[in-house]
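Visitor: I have a structure to go through with you. Can you put it up?

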Amino acid sequence: RGDLVGIADPRVWALDVLGFALDTRKVTKKDVMARYRTRLRAAHPDHGGDDDAAGVIIERLGEARRILLQS
């Protein structure tokens with residue numbers, strides 16, 4: 001959540017983290033979960049992700065998912 005400090009609109013941040021266009025108005029739960037899983041897989045060290053960065057990236061992905069599923 002430290003990444004969100006100073007962000008005016010957490011939803012815009014979450015859209016960016018999950019790779020949606022920043023002007024996206026509505027995302028479905030299915031879309032959010034699909035993007036989350038794809039990016040999670042790419043970040044995971046077992047699938048070629050950077051060992052050192054994986055924890056931070058995975059945490060950001062989870063927070064972005066939470067924000068978008070609440071909105």
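Visitor: How many salt bridges does the structure hold?
Guide: One. A salt bridge here is a side-chain nitrogen of Lys or Arg within 4 Å of a carboxyl oxygen of Asp or Glu.

Visitor: Which side chains meet in it, and at what N to O distance?
Guide: R66 and E63, at 2.5 Å.

Visitor: Where do R66 and E63 lie?
Guide: Both are in helix 3, three residues apart, which is about one turn of the helix. Helices are DSSP runs of H or I with at least four residues, strands are runs of E with at least two, and both are numbered from the N terminus.

Visitor: Buried or exposed, R66 and E63?
Guide: R66 is partly exposed, at 29% relative accessible area, and E63 counts as buried at 10%. Buried means under 20%, exposed over 50%, and partly exposed in between, with a 1.4 Å probe and protein chains only. The areas come from the Shrake-Rupley method.

Visitor: Before I go on, what kind of model is this?
Guide: It is a predicted model, where local features need pLDDT of at least 70, side-chain atom pairs count only at pLDDT 80 or more, and totals for chains, interfaces and linings use all residues. Residues are numbered from 1 along each chain as its sequence is written, and side-chain values use heavy atoms, leaving out hydrogens and water.

Visitor: What pLDDT does the chain average?
Guide: 89, with 90% of the residues scoring at least 70. pLDDT is the predictor's confidence in each residue, from 0 to 100. Among the elements, helix 1 (residues 10–17) has the lowest mean, 94, and helix 2 the highest, 96.

Visitor: Switching to the surface: which residues gather in a patch of negative charge?
Guide: D46, D50, D51 and D52. A patch takes residues with over 30% relative accessible area and no salt bridge, joining like charges within 9 Å and nonpolar side chains (Val, Leu, Ile, Met, Phe, Trp, Tyr) within 5 Å. Asp and Glu count as negative, Lys and Arg as positive; His and the chain ends are not counted.

Visitor: Where is D51 found?
Guide: In the loop between helix 2 (29–43) and helix 3 (54–70). D51 is exposed, at 59% relative accessible area.

Visitor: And E59, buried or exposed?
Guide: Exposed, at 53%. E59 is in helix 3, and its C-alpha is 14 Å from that of P45, 14 residues away along the chain.

Visitor: What about K29?
Guide: K29 is in helix 2 and counts as exposed at 59%. K29 and I58 are 18 Å apart, C-alpha to C-alpha, and 29 residues apart in sequence.

How values were computed: Accessible areas come from the Shrake-Rupley method with a 1.4 Å probe; for residues, only the protein chains shown count as cover. The place of a charge is taken as NZ of Lys, CZ of Arg, CG of Asp or CD of Glu.
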